[in-house]
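Notebook open, coffee poured. Today I am looking up who sits around the bound molecules, and then I will check some cysteines.

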Amino acid sequence: MTPLDSHPPAAPAAPHVAAASSGSTSPAAVRWTTEAVQALLDLPLPELLFRAQSVHREHFDPTRVQLSTLLSIKTGGCPEDCAYCPQSKRFDTGVEDSALMKLGDVLGAAKAAKAAGASRFCMGAAWRGPKQRDLEPVLEMVKEVKALGLETCATLGLLKDGQAEQLRDAGLDYYNHNLDTSPEFYGDIISTREYQDRLATLGRVRDAGLNVCCGGIVGMGESVRDRAGLVAQLANLDPYPESVPINALVQVEGTPLAETVPPVDVLDFVRVIAAARITMPKAFVRLSAGRTQMSDEGQAMCFLAGANSIFYGDRLLTTGNPDADRDRHLLGRLGMQPL
Ligand code: SAM
Ligand code: DTB
Ligand code: SF4
């Protein structure tokens, strides 16, 4: 894989970067300070968009967007307490706890996604992390989905030593594991694991030679500095993630964050996309959860800010997503094409 480059800022380093406890994906070299990223977020929008578009065009065709379909292969009943998540068993959200899906059903969904035009298929499980007996059937799923010619991604929670290698050997292309927010705000959102735990799993994923998919959520009541802190953490991973999902919080009734924070202003969301694009020039920046609440014009601005991937299909994991027809219509209106 070609090493990813970055566009370091001129500003001197003033890090408040959490150090990884293991693995080579560590924020050892501070290329982007929180202050430098915050300065990007504070730019007048035309300046920020111009910078983001300039970087985007150096590495990607700005008319192309990758279509990725998500499937929840194991839904609900999760022991963790992530305050945004409808799948935690601690919150009464109406999401039923269900068993791991059967291989045939997963393959059926992957074939349908491919037929509808997706080139990437991401399997998500509501686990703190997979037990070995859980991982075995997932390895089969990865192998068979990969054999369909789809790019594969999985998000299964924290990984133990050796599990990333097993996923790699099964044919997994990307492992998704989000930092979600800044190290400072993290404790307000999740108490059942530490930022360091997430960094350690990211290190295991990187060490196994998998592509890293890592991003976060905007709209959880975080400050602009927290948004900058998240982007700086991601950009300082060495190398930075190949894939960066930026989610707008989907407020689900029963979760602690529902109706306690105002929805994020789409222009502020666009700013975070642009900052991710500028600081991680070669990454796929994914306009992820939250599109059902966005206008076509808001989504168009995300593409203009450097987003080049969306989740495609009428469901995310447990919540809705624009249906495929609407997305095809949107891309048509914008003169954009799937990758
Ligand atoms: N359990 C695994 C984990 O947490 O790593 C994998 C699945 S988890 C649902 C994947 C990601 O979905 C989370 O890290 C979070 O960024 C995102 N997510 C979950 N609920 C969300 C919500 N209500 N709005 C936006 N993003 C959400
Ligand atoms: C990511 O960053 N966003 C996706 C994917 N990675 C797994 C998940 C979004 C979940 C939104 C809430 C739900 O549908 O349950
Ligand atoms: Fe569990 Fe993942 Fe949801 Fe957290 S985000 S409660 S770990 S499914």
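My entries on the ligands come first, then the ones on the cysteines.

**Ground rules.** I am working with a predicted model, where local features need pLDDT of at least 70, side-chain atom pairs count only at pLDDT 80 or more, and totals for chains, interfaces and linings use all residues. Residues are numbered from 1 along each chain as its sequence is written, chains are lettered from A and ligands numbered from 1 in the order in which they are written, and side-chain values use heavy atoms, with hydrogens and water left out.

**Ligand 1.** I asked for the neighbours, meaning residues with a heavy atom within 4 Å of the molecule. I got 17 residues around ligand 1, and the closest are Tyr84, Thr155, Asn178, Asp180 and Val250. Sorted by class, this shell holds 10 nonpolar, five polar and two charged residues. For the classes I took Ala, Val, Leu, Ile, Met, Phe, Trp, Tyr, Cys and Pro as nonpolar, Asp, Glu, Lys and Arg as charged, and the others, Gly among them, as polar.

Next I looked up polar contacts (pairs of N or O atoms within 3.5 Å; within protein, one must be able to donate a hydrogen and the other to accept it, and residues adjacent in sequence count only if both atoms are side-chain atoms). A backbone N or O atom of Val250 is 2.9 Å from a nitrogen atom of ligand 1. Polar backbone atoms turn up again at 3.2 Å from a ligand 1 nitrogen, one in Ala125 and one in Trp127. On its own ligand 1 exposes 550 Å², and the protein buries 90% of that (Shrake-Rupley areas with a 1.4 Å probe; for residues, only the protein chains shown count as cover).

**Ligand 2.** Which residues surround ligand 2? I noted Leu70, Pro86, Thr155, Asn176, Asn178, Pro245, Asn247, Phe311, Leu316, Leu317, Thr318 and Thr319. That shell splits into six nonpolar, six polar and no charged residues. Side chains make the polar contacts I wrote down: Asn178 has an N or O atom 2.8 Å from a ligand 2 oxygen, Asn247 has a polar atom 2.8 Å from a ligand 2 oxygen, and for Thr319 I also read 2.8 Å to a ligand 2 oxygen. The protein covers 89% of the 410 Å² of accessible area that ligand 2 has on its own.

**Ligand 3.** Around ligand 3 I listed Cys78, Glu80, Cys82, Tyr84, Cys85, Ser88, Ala126, Trp127 and Arg193. The split here is six nonpolar, one polar and two charged.

**Cysteines.** How many disulfides are there? Taking cysteine sulfur atoms within 2.5 Å as a disulfide, I count zero. Cys122 is in none, and its nearest cysteine sulfur, in Cys153, is 3.6 Å away. Why is Cys153 not bonded to Cys122? The 3.6 Å between their sulfurs is too far for a bond.

I also checked burial (buried is under 20% relative accessible area, exposed over 50%, partly exposed in between; 1.4 Å probe, protein chains only). Cys122 counts as buried because its relative accessibility is 2%, and Cys153 is buried at 0%.
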